[in-house]
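Got the viewer open? Keep the selection box handy, and we'll go from stop to stop.

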Amino acid sequence: MQLWRHSDSVRRGAQVGLGHAGAPMRHSSAAARHLAALPPAEVLYADLDGTLLGPGGSLLTGPDGGPSARAAQALVDARAAGITVVPVTGRRALALDGETRLLGLRDYIAEVGTVILRAGRRRYEWGSCPADLRAAAATPRAALDSAGALDVLLAAFPGDLRPFLPWDADREGGHLLHGRVDVAVANAALSAQGLGWAYLVDNGAAGGWPGRRVRAYHLLPRGVGKAVAVADDLAERGLERSQAAACGDSLEDLTMAGVVGTYFQVANGHGELGGNAFGVPGAMGHGFADAVALLVAARGR
Ligand SMILES: [Mg+2]
């Protein structure tokens, strides 16, 4: 799934990563000082699209579009140092089963935090889904469907909203839609039908609808998200937040800063930094590699 655009911010980020560094470099040294005061990082939660992966969702493509092995080498370096990398992504769990193996990884958090795979065991985050629906449904998506949440939205925006195929197929945590809607109106329509526990989230500019400028949307139970899933995953691992780091580019990714010891934002990211959230000089996979280098160096001190 490629929902981001190769925007000006990505190109600016690529330039920063190539050495035109100002503030991001200062952030890196500040991040190193921050890490020196923490226990060694055991886990790095990493967004995939726009973070670990380069343009086109490619591991082996640098932010400038040329070939690059930096992100792949960073995965090798993290593994050699004993740092577990866990993808945290909006992508489908079904696809992650294969993609994580290709990356030499085992666990993942998929579908915006609704599906968690750890040590071969799959479980769901249900958020505010009512207990009776949860008891009767195999997945959060099935609960949304049995409650009629998708039908409410499609009826509210006829011709302006539809499943984002093929990436909506076989999801377990929710629905991926695309089109052009007012999210506040959509969520009011859900609440009016007694479905306030479900909500529509804007996931940014998308494609796949010829002739229309559309955005992608997730339909999810309220109360789920990357931060909630990461916090629960850390608890299951028996780790403190100070033993974990996260890396991302989006505002949803930035919420992970609240539940880990250190957050790294790649140069193409867009969020307010400060506290335990630091910018790294590289964009996309090069920024992921910068984050791994900082964590490995801190472990080796
Ligand atoms: Mg991203």
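In what order do the four strands of the open sheet run? Select strands 6, 7, 9 and 8: that is the order, and the pairing is antiparallel. Keep in mind throughout that you are looking at a predicted model.

Now colour the two edges of that sheet. One is strand 6, residues 161–163, and the other is strand 8, residues 198–206; each of them pairs on one side only. Going from one strand to the next, the twist averages 30 degrees.

Stay with strand 8 and add its partner, strand 9, at residues 214–221. Seven bridges hold this antiparallel pair on the list. For one of the pairings, show leucine 200 and look across to strand 9, where leucine 219 is the bridge partner. If you like to draw hydrogen bonds, switch them on for the backbone: strands of a sheet pair through backbone hydrogen bonds, either parallel or antiparallel.

Next, go to the other end of the sheet and pick the loop that runs between strand 6 and strand 7 (175–179), where you will find proline 166. Check the peptide bond between leucine 165 and proline 166: it is cis, with omega at about 5 degrees. That deserves a pause, as most peptide bonds are trans.

On to another sheet. Select strands 3, 4 and 5, which form an open sheet of three strands in that order, with antiparallel pairing. Its edge strands are strand 3 (108–110) and strand 5 (121–124), each pairing on one side only. Here the twist averages 15 degrees from one strand to the next.

Zoom in on strand 3 and strand 4, the latter at residues 115–118: they pair in the antiparallel sense over three bridges. Show alanine 110 and you will see valine 115 of strand 4 standing opposite. Then select the loop between strand 3 and strand 4, where glutamate 111 lies. What is the sign of phi at glutamate 111? It is positive, about 55 degrees, although this residue is not a glycine. For context, most residues other than glycine have a negative phi.

Time to zoom out and colour by domain. The domain assignment gives domain 1 as 8–125 plus 225–299, and domain 2 as 131–221. Put a marker at each C-alpha centre and the two markers will be 27 Å apart. Where the domains touch, nine residues come from domain 1 and 11 residues from domain 2. Colour the domain 1 side of that contact by class and you get five nonpolar, two polar and two charged residues.

Now show the whole chain as a cartoon: it has 11 helices and 12 strands. The radius of gyration is 19 Å, close to the 19 Å that the globule rule gives for 301 residues, so the chain is as compact as a globular protein of that length. Along the principal axes, the C-alpha atoms fill a box of roughly 55 × 45 × 35 Å.

Last stop: colour by pLDDT. The chain averages 91, and 91% of the residues score at least 70. Finish by selecting residues 1–22, where the pLDDT is below 50. In the model this stretch has 44 contacts beyond near neighbours in sequence.

Technical notes. Residues numbered from 1 in each chain as written. Predicted model: local features only at pLDDT ≥ 70, side-chain atom pairs only at ≥ 80, totals over all residues. pLDDT = per-residue confidence, 0-100. Contact = placed C-beta atoms within 7 Å. Pairing = 2+ DSSP bridges. Axes fitted to C-alpha atoms, helices over the stretch in contact; angles between N-to-C directions. Domains from an automatic or database assignment. Nonpolar A, V, L, I, M, F, W, Y, C, P; charged D, E, K, R; others polar. Rg over C-alpha atoms; globule rule 2.2 N^0.38 Å.
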